[in-house]
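Biologist: Hey, can you pull up that model so we can walk through it together? I'm still getting used to reading these.
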Amino acid sequence: MILKNSVGLVTGASRGLGKAFAEALLKKEAKVVICDINHEEGAITKAEFDEKYGPSQTTFVTCDVTSPSQLKDLFSQTVQKYGKLDILCNNAGINNENIWEKTISVNLVALIQANYLALEHMRCDRGGQGGSIVNVASLSSFQIAAHAPVYTATKHGVLGFTRSLAEASKLGNYGIRINALCPGFVNTSILETLDQEEILGMFYQFKDMAKHWINLFGVLEPSVVGDAFIQLVEDDSLNGAAMKITSSKGIQFENF
Ligand SMILES: NC(=O)c1ccc[n+]([C@@H]2O[C@H](COP(=O)([O-])OP(=O)(O)OC[C@H]3O[C@@H](n4cnc5c(N)ncnc54)[C@H](O)[C@@H]3O)[C@@H](O)[C@H]2O)c1
């Protein structure tokens with residue numbers, strides 16, 4: 001896929017990985033709609049992008065992805081503003097074992113909802129122009145984690161959903177490539193929460209597990225994961241792929 005003048009939508013893009021994915025697209029001269037529930041950080045990020053890439057290249061939309069109506073409006077606003085949608089990056093995510101139903105709502109339910117909205121806009125067999133969807137999973141899609149069972153369940157779910165929808169897209173000639181990006185630990189605010197009792201809840205006693213994995217895999221910078229994301233979007237041969245990326249081993253595609 002050629003990214004110049006394409007239109008991307010990134011959820012949870014006020015900070016962290018979402019911001020890095022948006023910026024990676026902007027560097028390729030794509031137009032990007034960034035959405036986030038946090039509008040204060042969103043406004044700061046939008047101002048930073050305006051300065052670097054020009055105000056017409058990005059739009060910030062305040063959106064709670066767990067609200068079906070807000071999510072629907074987000075897609076409508078994207079197409080109204082830029083005339084099309086080529087790339088969706090489902091990045092918004094939380095890791096709270098205390099409010100575990102909310103974790104499932106954000107990480108899995110909303111992600112599925114957003115995939116279905118993207119299909120409506122992109123499907124070639126329904127008059128769309130095709131496109132690329134990247135669902136942000138995790139190394140937790142492949143591993144167990146005593147300190148984070150629900151987060152782990154959501155990321156296993158994201159991977160299974162992504163691969164299955166990718167197969168449906170292939171068999172149904174949707175013209176949409178759907179892939180999972182599975183990073184190890186990345187230097188964002190989520191990392192600071194991994195030993196907090198209010199986040200880990202009844203699994204707080206296992207907080208050192210995360211430290212063990214961090215020592216094993218290292219910590220990536222968001223911009224490195226941003227470059228890997230671009231590879232998934234640009235490479236037209238990839239559909240249903242799970243790209244793992246860690247500081248210690250770099251990029252590896254899972255063999256299923
Ligand atoms: N940081 C890591 O080590 C790591 C590793 C693997 C996967 N991930 C995944 O990467 C994604 C981004 O995480 P991050 O590390 O950048 O975390 P982060 O907390 O820095 O960023 C998450 C962003 O999502 C937004 N968000 C949360 N709930 C939302 C909602 N309901 N609606 C809209 N936006 C919402 C937040 O406001 C925030 O801006 C998540 O899906 C996470 O699971 C992170």
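Modeller: Sure, and keep in mind that this is a predicted model. Let's start with N107: leaving out residues up to four places away in sequence, N107 touches A92, G93, I94, Y151, T154, K155 and V158.

Biologist: Okay, and where does N107 lie?

Modeller: N107 is part of helix α4.

Biologist: Is N107 buried or exposed?

Modeller: N107 counts as buried, because its relative accessibility is 1% and the cut-off for buried is under 20%.

Biologist: Which side chain does N107 have a polar contact with?

Modeller: With the side chain of T154, at 3.2 Å. There's also a pair to look at along the chain: N107 and T66 are 41 residues apart in sequence, and their C-alpha atoms are separated by 9.2 Å.

Biologist: Let's stay with α4. At what angle do α3 and α4 pack?

Modeller: About 35 degrees, with the axes 10 Å apart; α3 covers residues 68–82 and α4 covers residues 100–122. The crossing of α3 past α4 is right-handed.

Biologist: Why give both an angle and a distance?

Modeller: Because two packed helices are described by the angle between their axes and by the distance between those axes.

Biologist: Which residues meet there?

Modeller: On the α3 side you have L71, K72, F75 and V79, and on the α4 side A110, Q113, A114, L117, A118 and H121. Sorted by type, the residues of this contact are seven nonpolar, two polar and one charged.

Biologist: Switching topic: what's the strand order in the sheet?

Modeller: The order is β3-β2-β1-β4-β5-β6-β9-β10, in an open sheet of eight strands with mixed pairing. Its edge strands are β3 (58–62) and β10 (250–253), and each of those pairs on one side only. On average, neighbouring strands of this sheet are turned by 20 degrees against each other, ignoring direction.

Biologist: Mixed pairing, okay. How many bridges do β5 and β6 have, and in which sense do they pair?

Modeller: Six bridges, in the parallel sense, between residues 131–136 of β5 and residues 176–183 of β6. For one pair to click on, S132 has R177 in β6 as its bridge partner.

Biologist: And how do β9 and β10 run?

Modeller: Antiparallel, joined by four bridges. They form a hairpin with three residues between the two strands, and M243 stands opposite F253 in β10.

Biologist: Which strands does helix α5 lie across?

Modeller: Helix α5 (residues 149–171) lies across β5, β6 and β9 (242–246), and it runs at about 160 degrees to β6.

Biologist: Back to the edge strand β3. What about T58, buried or exposed?

Modeller: T58 is found in strand β3, and it counts as buried because its relative accessibility is 2%.

Biologist: Ah, buried in an edge strand. What does T58 touch?

Modeller: Not counting residues up to four places away in sequence, T58 touches L26, V32, K46, F49, D50 and Y82. With D50 there's also a polar contact of 3.4 Å between the side chains.

Biologist: Any place to look at after β3? Where does C63 lie?

Modeller: C63 lies in the loop between β3 and α3, and at 2% relative accessibility C63 counts as buried. Leaving out residues up to four places away in sequence, C63 touches C35, D36, I37, Q70, L71 and L74. C63 and L74 are eleven residues apart in sequence, with 7.1 Å from C-alpha to C-alpha.

Biologist: C35 there makes me think of T11. What is T11 in contact with?

Modeller: Setting aside its neighbours within four places in sequence, T11 is in contact with C35, V65, C89, N90, N91 and A92. T11 sits in strand β1 and counts as buried at 4% relative accessibility.

Biologist: Last one, backbone angles. What is phi for N5?

Modeller: About 65 degrees, a positive phi although N5 is not a glycine. N5 lies in the segment before β1 (7–11), and N5 is partly exposed, with a relative accessible area of 47%.

Biologist: And phi for N173?

Modeller: Near 50 degrees, which is a positive value in a residue other than glycine. N173 is in the loop between α5 and β6, and N173 counts as exposed because its relative accessibility is 57%.

Key
Residues are numbered from 1 along each chain as its sequence is written. This is a predicted model: local features need pLDDT of at least 70, side-chain atom pairs count only at pLDDT 80 or more; totals for chains, interfaces and linings use all residues. Side-chain values use heavy atoms; hydrogens and water are left out. Two strands pair if DSSP finds at least two bridges between them. Axes are lines fitted to C-alpha atoms, for helices over the stretch in contact, and angles run from 0 to 180 degrees between N-to-C directions. Contact means heavy atoms within 4.5 Å. Buried means under 20% relative accessible area, exposed over 50%, partly exposed in between (1.4 Å probe, protein chains only). A polar contact is a pair of N or O atoms within 3.5 Å; within protein, one must be able to donate a hydrogen and the other to accept it, and residues adjacent in sequence count only if both atoms are side-chain atoms. A crossing is left-handed if the near helix is turned anticlockwise from the far one by less than a right angle, and right-handed if clockwise. Ala, Val, Leu, Ile, Met, Phe, Trp, Tyr, Cys and Pro count as nonpolar, Asp, Glu, Lys and Arg as charged, and the others, Gly among them, as polar.
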